[in-house]
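Student: Please take a close look at one small sheet in this model, and then set that sheet against the rest of the structure. I would like one connected account.

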Amino acid sequence: MKYLSERRRRYFARKSRWGLLPRRSTTGADKVRSLALAKAVSKRDFDAAVELLPAVPKRRVGEERLIITTPPSHLSLSENYEETLAFLMELRRSRAGPKGGLNRNVMRQWRSHIEMADIKQIGPAAGLVLAAELDSFRHRVGRMTSLDQTWHENVRSFFADSGLFELLDVKPQSVSSKPAVGPLTKVLKYRRGSTPDGQQADLLRSELEALCGEKFGPRIEVNNALCEAMTNAHHHAYPPDQVWWHAPPPGYWWSTGAWMPETGTMHMILYDQGVGIPKTLPRSSHWASALPILNRLDPERTDAGVIEAALELRRTSTHISGRGRGLYEMAEWIDQTQSGFLRILSGKGLVTYRPGRRVQRSNLRVPFQGTLIEWEINRGA
Amino acid sequence: MITLNLAKEFSPYPAGRYPDDGDFNGQRFRDKVLLPLLEKARIVQVNIDGVATLPSSFWEETWGGMVRKRRIEKAEAQSRLMVVTSEPDLERYVDLAKSFLAEAEPDSAT
């Protein structure tokens, strides 16, 4: 009894200091408590971000143990960022179960339904993030079905073209589909991986060039840019000591290419669900080299400033043993070819890199969940 | 002198730095392919014709890692290892290999 009460006293003493001075865990019980605290902090940050976003229409049908979520009609990260992000975060929350917990058994008792029929249009980047969320959801839950016969033709053809049905292992219900309406977007089949894959990078680039009949950029440099984005996702996006309040992400990157014939715009996109560049750079060995650059570029050290500092790292530092070139290499070919741009969305930061090392950065109100890297080239209509 | 064709004898799609980055990573190329060849010949020439990828994480780990991990002295590596290509698009990777070798410093921990 004396032992228990002593432990209890220590527990309350430590609890009173939580959040001020985390202590090194020494016992199994301490570790469990530290983990619970880290999860609570992570969930608090997530909930605070959700509070800033428009509410996602959602209802529960208790008898059927069903949660119905209604997405926005236009899923786009460039044109409808906050509504799209709110919906994507709701999907992520649903991975954790109806009460936001992690109990897999509780999750299995409830079913989630997304009113996909309400979506009229999906942008390629938002589509990739949606695919990643659904893919992770499927990993967690196991099985998904679709009512695609009720969907808008744009969404159905988007799912068919991007190979989302196959990626999610879902059998489409409708055999015939009306052609898509509005501005045409041709999308390559989504692919996923966990390690850098040069062959996939080369295939993605060559399939995109075949789709639009135009060269996207110099072969080796474009492939390298994709490989480096995959390598960064593998090395940095999912730190092993990261505590996730929801089910841990499966640790993949997802990528695709898209072609909009009416505007002559080509996209290559890579997404990961990791913690984001603004969180990983300060923990990396390059932080000491990046800090002076960051202080010069953005003394307030915003997320966009951190991303720009990571881009600048290699160009301006000559003493970092050749490492830390990853982000710089993603932008390098944009400078060589003097066309297109690279856009990086990570944390609250949005950075666009244009030829001539013109960098535009902005900070968003709500942090993006993961890192999205997008190269865009406009060849004209 | 031994000439090794990177694309044909290792992979046309090399990528990644460490073994957990995939089969065709820089550490494996350096330690399992390149260094054993240095034991067989005075000069080893790496021909990069035909590669589809040569990302800096792979290329730096191969050349910079050689010195950083103290596999060979920098001066010796610079005199015994050569990168060649007949493709104009790949010429910059010859220079890049040289600069990775020149910039690398041995790790103090290893």
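Tutor: Two strands are said to pair if DSSP finds at least two bridges between them. The model discussed here is predicted.

By that rule, S1(A) and S2(A) pair: four bridges join them, and the two strands run antiparallel. Within this pair, Lys58(A) stands opposite Thr69(A) in S2(A). The connection between S1(A) and S2(A) is a hairpin with four residues between the strands. Arg65(A), which lies in the turn, has a positive phi of about 50 degrees.

On another pairing, strand S2 (residues 66-69) of chain A meets S4(A) in the parallel sense, again over four bridges. Here Thr69(A) stands opposite Ile114(A) in S4(A). Thr69(A) therefore takes part in both descriptions, facing Lys58(A) in one pairing and Ile114(A) in the other.

Put together, the strands make an open sheet of three, in the order S1-S2-S4 of chain A, with mixed pairing. Strand S1 (58-61) and strand S4 (111-114) of chain A are the edge strands, each pairing on one side only. From one strand to the next the twist averages 20 degrees. As background, strands of a sheet pair through backbone hydrogen bonds, either parallel or antiparallel.

The sheet belongs to a chain with 13 helices and eleven strands. Chain A has 381 residues, of which 42% count as buried. Of the contacts in chain A with a separation of 6 or more, 71% are between residues 24 or more positions apart.

A helix of the same chain can be read in a similar way. In helix H6 (residues 153-161) of chain A, the buried residues are Asn154(A), Val155(A), Arg156(A), Ser157(A), Phe158(A) and Phe159(A). These buried residues pack against strand S5 (121-122), helix H5 (124-141), helix H7 (164-167) and strand S6 (186-187) of chain A. After H6(A) comes Gly163(A), whose phi is positive, near 70 degrees.

Chain B offers a parallel pairing of its own. Strand S2 (residues 44-47) of chain B and S3(B) pair in the parallel sense over four bridges, and Gln45(B) stands opposite Met82(B) in S3(B). In a regular strand the side chains alternate between the two faces of the sheet. Strand S3 (residues 81-84) of chain B shows such alternation: Leu81(B) and Val83(B) point to one face and are buried, while Met82(B) and Val84(B) point to the other and are not.

The two chains also touch. The contact takes 22 residues from chain A and 21 residues from chain B. On the chain B side, helix H3 (56-68) and helix H5 (91-103) each supply at least two residues. H3(B) gives the largest share of that side, five residues. By class, the side of chain B that touches chain A has nine nonpolar, six polar and six charged residues.

Lastly, Ser108(B) lies in the segment after H5 of chain B. The cut-off for exposed is 12 or fewer C-beta neighbours within 10 Å; Ser108(B) counts as exposed because it has 5 inside that distance. From C-alpha to C-alpha, Ser108(B) and Val33(B) are 25 Å apart in space, with their positions 75 residues apart in sequence.

Definitions and conventions
Residues are numbered from 1 along each chain as its sequence is written. Chains are lettered from A and ligands numbered from 1 in the order in which they are written. This is a predicted model: local features need pLDDT of at least 70, side-chain atom pairs count only at pLDDT 80 or more; totals for chains, interfaces and linings use all residues. Two residues are in contact if their C-beta atoms, placed from the backbone, lie within 7 Å. Ala, Val, Leu, Ile, Met, Phe, Trp, Tyr, Cys and Pro count as nonpolar, Asp, Glu, Lys and Arg as charged, and the others, Gly among them, as polar. A residue is buried if 20 or more other C-beta atoms lie within 10 Å of its own, exposed if 12 or fewer, and partly exposed in between; C-beta atoms are placed from the backbone. Axes are lines fitted to C-alpha atoms, for helices over the stretch in contact, and angles run from 0 to 180 degrees between N-to-C directions.
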